[in-house]
Amino acid sequence: MAVRRFNYEFNGVHYYRFSIYSLGNNIQTVYTFVLDDLLIDTAQRFNRDNIWKVAQEHQIQKILITHYHEDHTGNVGFLMQALPAEAYAHPYTVKILKRGYKMSPLSKMISGKVEDASMHPILETDTITTKNYCLQPIYTPGHCEGHYCYYEKNNGYLFSGDLFVADKIKYFGSDESLLTQIESLKKMLALDFDALFCSHNPKVEGGKKRLQNKLQFFEDFAGKVTRLYHEGKKSKEIFALMHLKENYYYKVLTAGNFTSENMVKSVIRDIKKKK
Ligand SMILES: [Fe+2]
């Protein structure tokens, strides 16, 4: 397993790409963001040496976590102790990392183990400030429970965690909710911003339009699944009728946890919950 770091900067925001390679192929990439002495997310455990250099370079004092997944929290416990720094997250994320995040063997193999951490819970009414910036948590579940985006109103920056990723996506984790993500996307689009600092695919210009594209895609997708479901079709039939394609490499590698059919199943699950 090899790791690499790349640096970027946009209007005062320093951001870093952390990738993991296996057999020469990039198998996972995540970004972290630095505003003054504040770091948003902490990359994978296997990129510890690289994030440590970033943290020292910027003399990081505060850490904000978007959500508990291992590519965002792989070094939070380490950085809190080594710097030292204080870390903040949604109460659910705090709970997960305090009691110990139960990772799948595959996630551990790709990213490395996430250690326990004692972070501070913050609410949407709280703000975290640095010399030049003021960040507000925006509760945006759907990708997972406890997901926060962070909004910097004065500069029109939105740090969107895993809520964007791309205009159109093909695969879902088994516990994601597409309809909840639609509500979260609407909540984000009500904010005034242009730079979308997505944790996997930052769009520093025109970010709001890209998020609107994502919302449109999800609404179209959910509309089609809902119509076919009410016509009595099952998830496998809906999958075929919508001409969706499975990536069997992902499906096998993740033991069925990351599939295209999960997107269909997610909508059906939410329809059933509403009944
Ligand atoms: Fe995630």
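Two strands count as paired if DSSP finds at least two bridges between them. The exercises below apply this and related criteria to a predicted model.

**Exercise 1. Strand pairing**

Determine how many bridges join β9 to β10, and which way the two strands run relative to each other.

Solution.
- Step 1. Locate the strands: β9 covers residues 134-139 and β10 covers residues 148-152.
- Step 2. Count the bridges. There are four between β9 and β10, and the strands run antiparallel.
- Step 3. Check the pairing against the cut-off of at least two bridges. Four bridges join β9 to β10, so the cut-off for a pair is met.
- Step 4. Pick out a facing pair: Tyr139 has Tyr148 of β10 opposite.

**Exercise 2. The open sheet**

Give the strand order of the five-stranded open sheet, and identify the strands that stand at its edges.

Solution.
- Step 1. The order is β8-β9-β10-β11-β13, with mixed pairing.
- Step 2. At the edges stand β8 (128-129) and β13 (195-198). Each has a single partner strand, so one side of each lacks a neighbour in the sheet.
- Step 3. Follow the pairing of β11. Three bridges join β10 to β11 in an antiparallel arrangement, and Tyr151 has Leu158 of β11 as its bridge partner.
- Step 4. Turn to β13. Four bridges join β11 to β13, and these strands run parallel. Here Gly161 is bridged to Cys198 of β13.
- Step 5. Inspect the connection between β10 and β11. Their hairpin has four residues between the strands, and Gly156 takes a positive phi near 70° there.

**Exercise 3. Burial of β11 and the core**

State how many residues of β11 are buried, and which residues Leu158 touches.

Solution.
- Step 1. Strand β11 spans residues 157-161, and five of its five residues are buried.
- Step 2. Sort the side-chain directions. Tyr157, Phe159 and Gly161 point one way, Leu158 and Ser160 point the other way, and all are buried.
- Step 3. List the contacts of Leu158, leaving out residues up to four places away in sequence: Cys149, Tyr151, Met188, Leu191, Phe193, Leu196, Phe197 and Gly207.
- Step 4. Place Leu158 in the largest nonpolar core, which has 66 residues. Phe33, Leu64, Met119, Cys149, Leu158 and Phe197 touch the most other members of that core. Helix α7 (residues 207-230) supplies the largest share of this core, six residues.

**Exercise 4. The two sides of α1**

Find which residues of helix α1 are buried, and where they fall when seen down the helix axis.

Solution.
- Step 1. Helix α1 covers residues 48-57, and its buried residues are Asn50, Ile51, Val54 and Ala55.
- Step 2. Down the axis of α1, the buried residues fall within an arc of 135°, so they line one face of the helix.
- Step 3. Recall the helix geometry. An α-helix has 3.6 residues a turn, so residues three or four places apart point the same way.
- Step 4. Look at the other side of α1, where Asp49, Lys53, Gln56 and Glu57 are exposed.
- Step 5. Identify the packing partners of the buried residues of α1: β1 (2-10), β2 (13-22), β3 (25-35), β4 (38-40) and α3 (76-82).

**Exercise 5. Backbone exceptions**

Which peptide bond near -5° in omega is cis, and what phi values do Gln59 and Val165 take?

Solution.
- Step 1. The cis bond runs from Leu83 to Pro84, with omega near -5°. Pro84 is in the loop between α3 and β6 (86-89).
- Step 2. Gln59 has a phi near 45°, positive in a residue other than glycine. Gln59 lies in the loop between α1 and β5 (62-64). With 10 other C-beta atoms within 10 Å, Gln59 is exposed.
- Step 3. Val165, also not a glycine, has a positive phi of about 65°. Val165 sits in the loop between β11 and β12 (172-173). Val165 counts as partly exposed because 15 C-beta neighbours lie inside 10 Å.

**Exercise 6. The whole chain**

Decide how the radius of gyration of the chain stands against the globule rule.

Solution.
- Step 1. Tally the secondary structure: ten helices and 14 strands.
- Step 2. The radius of gyration is 19 Å, close to the 19 Å given by the globule rule for 275 residues, so the chain is as compact as a globular protein of that length.
- Step 3. Add the extents. The C-alpha trace spans about 60 × 40 × 35 Å along its principal axes.
- Step 4. Add burial and contacts. Buried residues make up 41% of the 275 residues. Of the contacts with a separation of 6 or more, 64% join residues 24 or more positions apart.

Conventions. Residues are numbered from 1 along each chain as its sequence is written. This is a predicted model: local features need pLDDT of at least 70, side-chain atom pairs count only at pLDDT 80 or more; totals for chains, interfaces and linings use all residues. A nonpolar core is a set of buried Ala, Val, Leu, Ile, Met, Phe, Trp, Tyr and Cys residues joined through C-beta atoms within 7 Å. A residue is buried if 20 or more other C-beta atoms lie within 10 Å of its own, exposed if 12 or fewer, and partly exposed in between; C-beta atoms are placed from the backbone. Two residues are in contact if their C-beta atoms, placed from the backbone, lie within 7 Å. The arc is that of the directions from the helix axis to the C-beta atoms. The radius of gyration is taken over C-alpha atoms; the globule rule is 2.2 Å times the number of residues to the power 0.38.
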